[in-house]
Amino acid sequence: MKSPLYIAIPLVATFGLTACMDGYDPNSKTTQGVALGAALGGITAAATSGDNDKLAKVAVGAMIGGAVGGAIGQRLDQQAADLRQDLGNDDVKIVNTGSQLIVTMPQDILFATDSAVVVPSLQADLRKLAYNLQDYPNTTVQIVGHTDNTGSATYNQELSTRRATAVATVLTANGVATGRVHAYGRGEDQPIATNLTPEGKAQNRRVEIVITPTSA
């Protein structure tokens with residue numbers, strides 16, 4: 001009887017061939033997801049010996065993991081591409097981590113100073129985001145507000161929460177199910193740049209929309 005490791009190898013090759021046929025891109029999250037699942041399965045199987053049943057389970061698990069990872073990566077790749085095309089706004093950053101999409105909107109384009117009312121010019125972009133989320137319904141959406149360190153920590157926490165809630169309200173008002181959307185404020189606690197320069201402060205004032213695929 002052949003070792004499950006030898007059974008796994010042609011299955012991994014099949015995944016690789018499929019990726020090539022679909023238009024292989026080593027930098028795509030789809031390819032990375034498949035490769036990661038296959039690599040982890042191969043390493044585990046190679047490091048295990050003497051128990052064919054366990055090896056078989058490892059091989060099957062690796063194939064399932066690779067398929068699921070590839071499917072999620074492909075879905076996120078497509079959603080990110082659609083969203084970039086819909087928005088066409090260079091001020092909005094869209095990052096595909098492989099397991100999530102993180103859409104970052106500077107608060108300076110979303111809100112006037114000390115305001116939690118979304119400016120009219122950005123409401124159109126949020127509507128486009130809402131439509132994109134409806135096209136990809138099997139996700140949850142976390143909206144996280146961040147500020148710089150100007151003012152008191154208490155005020156910044158409250159302002160970031162109000163701003164995150166304002167963004168969530170626009171999304172749900174445009175058709176995104178309320179059960180999918182959760183809004184939080186982090187105030188000045190999670191800077192991504194220095195607060196010692198105006199440029200750094202501007203980067204820290206942001207709203208992050210974190211889109212996470214569900215198992216469905």
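In what order do the elements of the protein run from the N terminus on? In this predicted model, the order is α-α-α-β-β-α-α-β-α-β-α-β, made up of seven helices and five strands. The protein has 216 residues, and 38% of them count as buried. Its accessible surface comes to about 11400 Å², with 58% of that area belonging to carbon and sulfur atoms. Contacts that reach across the sequence are well represented: among those between residues at least 6 apart, 72% join residues at least 24 apart.

A good place to begin inside the fold is the largest nonpolar core, which has 30 residues. Several elements give two or more residues to this core, namely helix 3 (52-87), strand 2 (101-106), helix 5, strand 3 (139-146), helix 6 (153-173) and strand 5 (206-213). Helix 6 gives the most, with six residues. The residues with the most contacts inside the core are Leu 110, Leu 126, Ile 143 and Ile 209. For Ile 209, the partners beyond four places in sequence are Leu 101, Ile 102, Val 103, Met 105, Leu 129, Val 141, Gln 142, Ile 143 and Val 167. Ile 143, another of the residues with the most contacts inside the core, is thus itself touched by Ile 209.

Helix 5, one of the contributors to this core, deserves a look of its own. The helix covers residues 120-135, 16 residues in total, and spans 24 Å from its first C-alpha to its last, close to the 22 Å expected at 1.5 Å a residue. Its buried residues are Leu 122, Asp 125, Leu 126, Leu 129, Ala 130, Asn 132 and Leu 133. These residues lie on the same side of helix 5 because they cover an arc of only 160 degrees around the axis. Pro 120, Ser 121 and Asp 135 are exposed, and they sit on the face turned away from that buried side. Leu 129, on the list of buried residues, is also touched by Ile 209.

A polar residue rounds off the picture. Asn 204 belongs to helix 7 (residues 198-204) and is buried, with a relative accessible area of 0%. Its side chain makes a polar contact, at 2.9 Å, with the side chain of Asn 195. Beyond its neighbours within four places in sequence, Asn 204 is in contact with two stretches of the chain: His 146, Thr 147 and Asp 148, and then Pro 191, Ile 192, Ala 193, Thr 194 and Asn 195.

Notes. Residues numbered from 1 in each chain as written. Predicted model: local features only at pLDDT ≥ 70, side-chain atom pairs only at ≥ 80, totals over all residues. Heavy atoms only, no water. Helix = DSSP H or I, 4+ residues; strand = E, 2+ residues; numbered from the N terminus. Buried < 20%, exposed > 50% of the residue type's maximum accessible area, 1.4 Å probe, protein only. Contact = heavy atoms within 4.5 Å. Areas by Shrake-Rupley, 256 points an atom, 1.4 Å probe, with all protein chains shown as cover. Expected span 1.5 Å × (residues − 1). Arc of directions from axis to C-beta. Polar contact = N/O pair within 3.5 Å; in protein donor to acceptor, adjacent residues only side chain to side chain. Core = buried A, V, L, I, M, F, W, Y, C linked by side-chain atoms within 4.5 Å.
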